[in-house]
Amino acid sequence: MDYKKELDKLTDNQREAVFDESNVCLVNANVGSGKTTVLISKIIYLHYVKQIDYCDMVVLTFTNKAANEIKERLTMLEENLNMEDLRFFGTFHSVALYLLRELLMVDQLGYQKDFFVIEPDEEVDIALRIIQEEKLKIKYKNRLKKRLEQERVSRYQDDLIELRERLQKEKVSQNKMTFSDLLLNTVHLLKEASITPKWVIIDEVQDSDKMQLEFIDALMNKNTRIFAVGDPNQVIYSWRGSAFNVFYTLKDRYQARELSLSVNFRSNISILEVAKCFLQNGGRLTGNRERGNKIIVKRQYDSFQEACYLADRIKEIHDTGIPYKEIAIFYRLQNQSTILENVFSKNGIPFDVSLKKTIQDIPVLNWTMKLLRFAMNEKDISSGIYVLSHKDYGERITEKAAAKLLKGCSDMSHLNHGDMFSIDLNFAEKEDFFEESLLQRMLSFRKRFSKVEIPEVDEIYQYFSFDTHLHPTAASYQEDKELVKELLRTLITYINEHKMSFLEGLQDFINSSSLYGVNILNKDINNEADTVKLMTLHASKGLEFSYVFIIGVNNGLIPLQAKSFEEEDEERRLLFVGITRAKDNLELSYYTNPDTYRTMAGESRFIRMIPKHLIESDDIERESVNLQELKRQILAEKNVKMDMIKNSDNSTKTLLEDNEVDVEDNQVEDSEVQVEKMNEEVEVREIHSTHNGNELLTPNELPVRKVSHAKYGIGTVTREDDLMITVLFKAYGKKEFMKAFSELKEE
DNA sequence: GAAGCCCCGTTTTTT
DNA sequence: ACGGGGCTTC
């Protein structure tokens, strides 16, 4: 049988995890160590060797992509595999949705079985409308989303708590659940239900948040077993709530056995040695490949010069026979891609940018989706109001008027659909308006299409008189019309594929577009295409390329300004993730003239964490590029410093003068030394930048307490209080420690 | 209601 | 560094 071949491919280490017999097993899997292979092999092993039915396993992932990958691999082993058997395989949210729809009593919470899943923005829209209607006092409406998530008690003495209660009721009455409602309600209802999976299997478990851990816990009974894989060194989403130290939490809660996979099969030794500099959990990371090329650190003038350089370099690489799709460029911020896009387009370099373009980002499609939502669910007042009052496509009425109009309708909802159109015409100026109105079309939509075979695109298009609403005179008309028709085509295809009736299929499509994202124009990054891939470091997780360029490794960009050490740690893991995407060649670059004020000139402290012998020297460039530029920078630094001296007291002045570099005398020194001196200057400036005004260092503090740290080496204490100590390390820069845990030794 | 002050956020993104 | 929003003061 084929499954044996799959299991034979495993290494001893991987085999141990797959064949493990403990009730709860956590696999601490290093980057590139075959995490997904182990997870899938475990499922195969349980199914084919241990004879566990697939439907006795709940397999949880974070992305649809990961879920699909697992399903595909299982289908490859068994072509006739019934997808119904894999009904508990999917993202946390899609499994929750399945449970709520098929197995749990949502009516206990006031919901109906055919509830809708809504986008996060829609919840805010609903909240804003409640605020308006109920005349609630809410401050900082522009950060309402964050406030609703975070504040358990109102921070600003307003009606936030009342709003949250009203919002909850409103969602129930409109029969809608947000993403977090899906998990929350499932956890709530599972307590009373008897759903008893034999196995709960979790991928990328380090990304779980509290709610997801509760979801796992709610699935557990005394015979349920857990198998989870993850990598604590790849936690890059803690800012959106992934629970702290999930491994420890789970291990403790279920008395789990922890196994680790330490061998990396992806990158060559040169790259792994660099990656190790950024490993924080002291874990072992070993490779099994050859040494390969040293990594390159390149200095660039600015992002435009760099884009031109990259265009040339990529052509060169491609000419050696490397396909474009083996080359990737990573950056910290989305907007860094624009300059690359422009320059690459001009130079004929094929590329794809990973952009999260969804239906809601395209106004006409957002409007159309809401129209369909209201047509399917007349309780969905907020969508109705949006559709009717939209300034471009709506009925040229205000939100208030639309709300009144809809209220009139829902008060009449005890009447059947046919009677509805005779209601309260005070709001509609003449009968004609109402008879032919979009509102009427939406309200009678379900009746009109209930007994119909799946209609043509044009039939739906005509029914809603889309042409009238898209305004043939408008500049965007042609484009809008194409988009709407494309959306409707996608819808019809979707319904045909799922072999459903029209209305059933439409309902499903509406929910899917929230939960799974419908790709209308294939805007998502196409991995098969032979193009250079441009993406953020975050988006690079889980991928691999032969050539990787990480650009903008400047302080203030990589790492982004960090407010706490937790944040700085996360920035470091983020660079670790980027570095470990590279199989054969890695190049880091930084700017000497960055385009934004937030970014500081010169290489990031992260680059200085890499020992020099691991880096292919860039000296030839440095020498030829410009001593002039260097000199200019040193002068600029000197001016900054002189300003500071003017603003500070005399004792500090004396101290700083000792460190000064006489630029004129140093012109003939080699550039290496000059760079070193410049770095010293920067360090002096950094000490100052964190101490404004009277907080400046006193002479007693500075000369000079040296301490040493196992990882960062010897450094100078720059600040100290009861709780914290700040040390400046030559190779790393400034680092804050909590005294209790710092393990610093006095020199 | 204009002027000035204070607080906060700025970035990454899946479902 | 800078802008938005809320609050206080005149």
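How many nonpolar, polar and charged residues does the surface near DNA strand C have? In this predicted model, where local features need pLDDT of at least 70 and side-chain atom pairs count only at pLDDT 80 or more, totals for chains, interfaces and linings use all residues. Residues are numbered from 1 along each chain as its sequence is written, chains are lettered from A and ligands numbered from 1 in the order in which they are written, and side-chain values use heavy atoms, with hydrogens and water left out.

The surface near DNA strand C comprises two nonpolar, one polar and two charged residues, where Tyr counts as nonpolar, Lys and Arg as charged, and Asn, being among the others, as polar. The strand is surrounded by Lys-139, Tyr-140, Asn-142, Arg-143 and Tyr-597, a residue being near a strand if one of its heavy atoms lies within 4 Å of it. Sugar or phosphate accounts for 75% of the strand C atoms within 4 Å of the protein, and bases for the rest.

Phosphate oxygens of DNA strand C lie 2.4 Å from a polar side-chain atom of Lys-139 and 3.2 Å from a backbone N or O atom of Tyr-140. For Tyr-597, a polar side-chain atom is placed 3.1 Å from a base nitrogen of DNA strand C.

Zero disulfides were counted, a disulfide being a pair of cysteine sulfur atoms within 2.5 Å. Cys-277 is buried at 17% relative accessible area, whereas Cys-308 is partly exposed at 27% (buried, under 20%; exposed, over 50%; partly exposed, in between; 1.4 Å probe, protein chains only).

Notes: Polar contact = N/O pair within 3.5 Å; in protein donor to acceptor, adjacent residues only side chain to side chain.
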